[in-house]
Amino acid sequence: MKILTFSGATPAEALKKAQLEVGEEAMLIETREVQKKSLGKSALYEIVVGVEESTIPKARPKIEEPLMKQRPLAQKSSDVLYNISEAAKQISKIAEVTEEERTPRQVPVAENEDLKRIKEEIEKLGDKVKLIQNMFWSEKSPNTTAAIPPEFAEIYRLAQQSGMDQAHLDEIMHLTLEHMPSKMRESSETVKRYFQVLMRKMVPVRLETPPRNGAKKVIMLVGPTGVGKTTSIAKLAARFSYLLDKKYKVGLVVLDTYRIGAVEQLMQYARMMKLGIETVVDPPEFSSALNALRYSDYILIDTMGSSPYDKGKIEKIYECLRSNETEYSVDVVLVMPSSIKYEDLKATYENFAPLGIDTMMFTKLDETRGFGNLFSLVYETKVPISYFSVGQEVPEDLVVATSDFLVECLMNGFCKGESV
């Protein structure tokens, strides 16, 4: 076998040169970035291919070279992708013919082994086609601290496009490359499965546990305006009082007296579900409201929404917590929308952190397509997730948090019909 090196401003250009020089039979061995793009300098990529000397075509007429130089790079890339598509079609046809030949007659053992090997080679070839397709995405991908092997290109692209923080993505990719068995790297599917398992272990969740031995659970939802705290309170109330195996007694406390609409909305839910409800205007009334609902198994507290930077309103919530003279501890849940970028999620968490955040709840999963921002926040803060709100329906659109659910959304997208 003869080893040849070709260079170009992009991997696509280098690959096209290799195809023109040695034909379609060349085997791609390595792709590397020799020179990064900078001011006044274009990027330079090299690909290394191997080809049997007997298959190297004769030199093409020189008249073709000027014509290729006149063609735009976009056209060259499309030619390569077209060739890839044609290869994929041929693979499919071979697979179909193989299956058809196996059906009508009893295949001898020796032939059966040969067909099995052919099928394995077809699967490997199909995976290589996918790797080459992902290589074209890497031309536009951001620079990373470490080189990404071709078989990791698809998983890297999915994670990058999900909104995951770059530093977290690089760290996870480094762990994957360091610990993943070499045998599993032969297929992009096994790479993806390994990556998903690794991420599941990095997502902390709080399992839902019922009150025990007559104890009460007091849950306070805090967060910015418009994230769906009141609707989430109604979903939790319906869940605890009607949907679980045991029907618990639930009481509601409203701190959100700034918005008359929010109070009326929660009171309407309370009437529909026949729940007790108390309102708190000043912090000293907080303990009295909890005592008034002491017959409840669950006490759910709705708070006023505020900008993460409105420290006055956050301080008022803190004063309520500080004035609590009851024996009940309050579990503080920070509610945030999944549709904002990681930096905004992190800023929101940092400004509400003085309240002592116990768990996080993410809403509006049906309004976004990227979930890497959620992963990055819980990975950075190590604060567990308790619930996901996946729509406006009460009580249906509430999901008890699991690491499997978040990683599935991140890698394969959110499908409401399959998640609830």
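Thr-31 stands opposite Ile-47 of strand 3. The model is predicted. Strand 3 covers residues 44-51 and pairs with strand 2 in the antiparallel sense. That pairing runs over 7 bridges.

Now the sheet as a whole. Strands of a sheet pair through backbone hydrogen bonds, in either a parallel or an antiparallel way. Here 3 strands form an open sheet, and the pairing is antiparallel. The order is 1-3-2. Strand 1 (2-8) and strand 2 (27-35) stand at the edges. Each has a single partner strand, so one side of each is left without a neighbour in the sheet. From one strand to the next, the twist averages 20°.

Helix 1 comes next. This helix spans residues 11-22 and lies across strand 1, strand 2 and strand 3. Helix 1 runs at about 135° to strand 1.

Further along the chain, two helices meet. Helix 5 takes in residues 153-161, and helix 7 takes in residues 188-200. Their axes come within 8 Å. They cross at roughly 45°. Angles of 65 to 115 degrees would count as roughly perpendicular, and those under 35 as roughly parallel. Helix 5 and helix 7 are therefore oblique to each other.

Which residues of helix 5 and helix 7 make the contact? Helix 5 brings Glu-154, Ile-155, Leu-158 and Ala-159. Helix 7 brings Ser-188, Val-191, Lys-192 and Phe-195. By class, this contact of helix 5 with helix 7 has 5 nonpolar residues, 1 polar residue and 2 charged residues.

Notes:
Residues are numbered from 1 along each chain as its sequence is written. This is a predicted model: local features need pLDDT of at least 70, side-chain atom pairs count only at pLDDT 80 or more; totals for chains, interfaces and linings use all residues. Side-chain values use heavy atoms; hydrogens and water are left out. Two strands pair if DSSP finds at least two bridges between them. Helices (H or I, at least four residues) and strands (E, at least two) are DSSP runs, numbered from the N terminus. Axes are lines fitted to C-alpha atoms, for helices over the stretch in contact, and angles run from 0 to 180 degrees between N-to-C directions. Contact means heavy atoms within 4.5 Å. Angles under 35 degrees count as roughly parallel, over 145 as roughly antiparallel, 65 to 115 as roughly perpendicular and the rest as oblique. Ala, Val, Leu, Ile, Met, Phe, Trp, Tyr, Cys and Pro count as nonpolar, Asp, Glu, Lys and Arg as charged, and the others, Gly among them, as polar.
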